[in-house]
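Let's walk through this one together, starting from the inside and finishing with how far to trust it.

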Amino acid sequence: MQLSKYFQSKEEVHHLWIVFFRCGVSLFALLHFGSIQADFENLFGLNAFVKPDISLVVSSEYLPTITGISHFLDIKYANLLMIIRYLYPISLLFVFIGLFSRLGAICALFLQLTLTNSIDFFCYGVDAFTTICLFYACIFPIGQFKSVDVLLFRDRKFLISTNQYLWVFQFHLCIIYFFRALRNCSDIIGAMVSLFGKLSIATMLLHRLM
Amino acid sequence: MAYGRISGTGSGYGFFAPNVKANGLILGDCDGTIISPEFRSYESSVRFNSLSSRVTDYLVDMGDSISIEKQQMEAQYYDLLFKNIAVKMYGQHHCRSDTFYVSYNILTFPTLAQFRQRKGVGEHKLRPVKEVKLTKLDYK
């Protein structure tokens with residue numbers, strides 16, 4: 001009842017959430033990318049801990065990699081890496097201020113996918129969340145409220161309602177939390193075995209190897 | 001499949017499921033001195049730890065592959081990966097030794113029975129489960 005009331009409500013959600021979403025996502029991605037700058041060469045460079053050629057084996061065939069693009073465009077790997085290193089934060093800055101927001105978001109998503117696919121071994125959960133958020137930044141009308149786009153393109157028709165977009169996002173978050181909990185429940189037998197003091201992953205590993 | 005990768009929805013949501021994984025440490029041995037990979041930011045160390053996590057996954061699932069050929073290929077691939085890390089660490093620490101070892105170690109804790117008997121309480125040991133040797137060759 002509560003849910004149907006919520007989804008059938010004609011009341012408009014304040015559009016400030018989309019401004020917060022745009023600024024939050026871009027700022028977070030910027031800071032996250034900035035935090036690896038000191039070790040950028042150790043993670044992405046030709047002399048990285050895992051060389052690009054070795055990473056290529058485990059990378060997804062559906063997504064671009066820096067090595068793949070460098071071969072395709074016939075550019076040196078180091079030069080392309082330098083271009084991406086500057087282009088990614090610039091596109092995120094565009095998203096942050098709301099200047100050519102959608103174009104900036106598409107560019108940022110493409111570069112984010114390229115970067116994460118190039119260092120598959122060094123990726124973790126946060127990267128998946130960043131990808132999800134940037135994907136929604138491409139779909140949602142992020143540049144239509146409190147952005148430079150609004151100031152520049154005054155004659156453009158703007159949306160009034162953002163309810164549906166918020167629902168999509170909320171629905172996705174519900175799926176994330178539901179399946180996160182379900183995954184933990186699914187291994188309840190394993191958890192019980194652990195409780196009875198039989199095995200942890202570490203001891204299981206030792207048993208396998210001995 | 002491609003949609004799942006592009007939208008990020010295909011990455012799975014089982015964070016820390018079914019439990020927090022026992023993580024390992026990648027350590028090098030340069031002439032008796034234990035060394036570890038050096039990073040200038042915490043975020044990079046976290047990223048390197050996710051590599052360790054992948055190695056744990058590999059060692060846990062080792063032998064689950066359908067064909068022996070695939071198992072051998074995986075073993076060769078992870079050997080190559082370790083050698084790559086070893087070369088990087090060797091250069092990073094300016095190691096002068098001719099032989100350099102890099103190992104993947106897991107923390108072993110006392111069992112519950114030992115814990116009840118108060119044996120080894122508060123102690124943990126590093127146990128190498130995979131090791132590669134790097135030897136410097138002189139072609140002169």
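**The core and its main helix**

In this predicted model, the largest nonpolar core (buried Ala, Val, Leu, Ile, Met, Phe, Trp, Tyr and Cys residues joined through C-beta atoms within 7 Å) has 51 residues, and those with the most contacts inside it are Ala105(A), Ala108(A), Leu134(A), Ala137(A) and Ile85(B). Both chains feed it: the elements giving two or more residues include α6 (77-97), α7 (101-118) and α8 (125-139) of chain A, along with α2 (42-61), α3 and β3 (99-108) of chain B. Helices here are DSSP runs of H or I, at least four residues, and strands are runs of E, at least two, numbered from the N terminus.

The top contributor is α7(A), with seven residues. It's mostly covered, too: 13 of the 18 residues of α7(A) are buried, meaning 20 or more other C-beta atoms within 10 Å of a residue's own, with C-beta atoms placed from the backbone. Over on chain B, Ile85(B) is in contact (C-beta atoms within 7 Å) with Phe49(A), Ile26(B) and Val102(B), leaving aside neighbours within four places in sequence.

Now for confidence. Chain A has a mean pLDDT (the predictor's per-residue confidence, 0 to 100) of 82; among its elements α6(A) is highest at 94, and helix α12 (residues 201-209) of chain A lowest at 48. Chain B has a mean of 77, and the model scores ipTM 0.78 and pTM 0.80.

A bookkeeping note: residues count from 1 along each chain as its sequence is written, while chains are lettered from A and ligands numbered from 1 in the order written. As this is a prediction, local features need pLDDT of at least 70, side-chain atom pairs count only at 80 or more, and totals for chains, interfaces and linings use all residues.

Note on methods. A residue is buried if 20 or more other C-beta atoms lie within 10 Å of its own, exposed if 12 or fewer, and partly exposed in between; C-beta atoms are placed from the backbone. Two residues are in contact if their C-beta atoms, placed from the backbone, lie within 7 Å.
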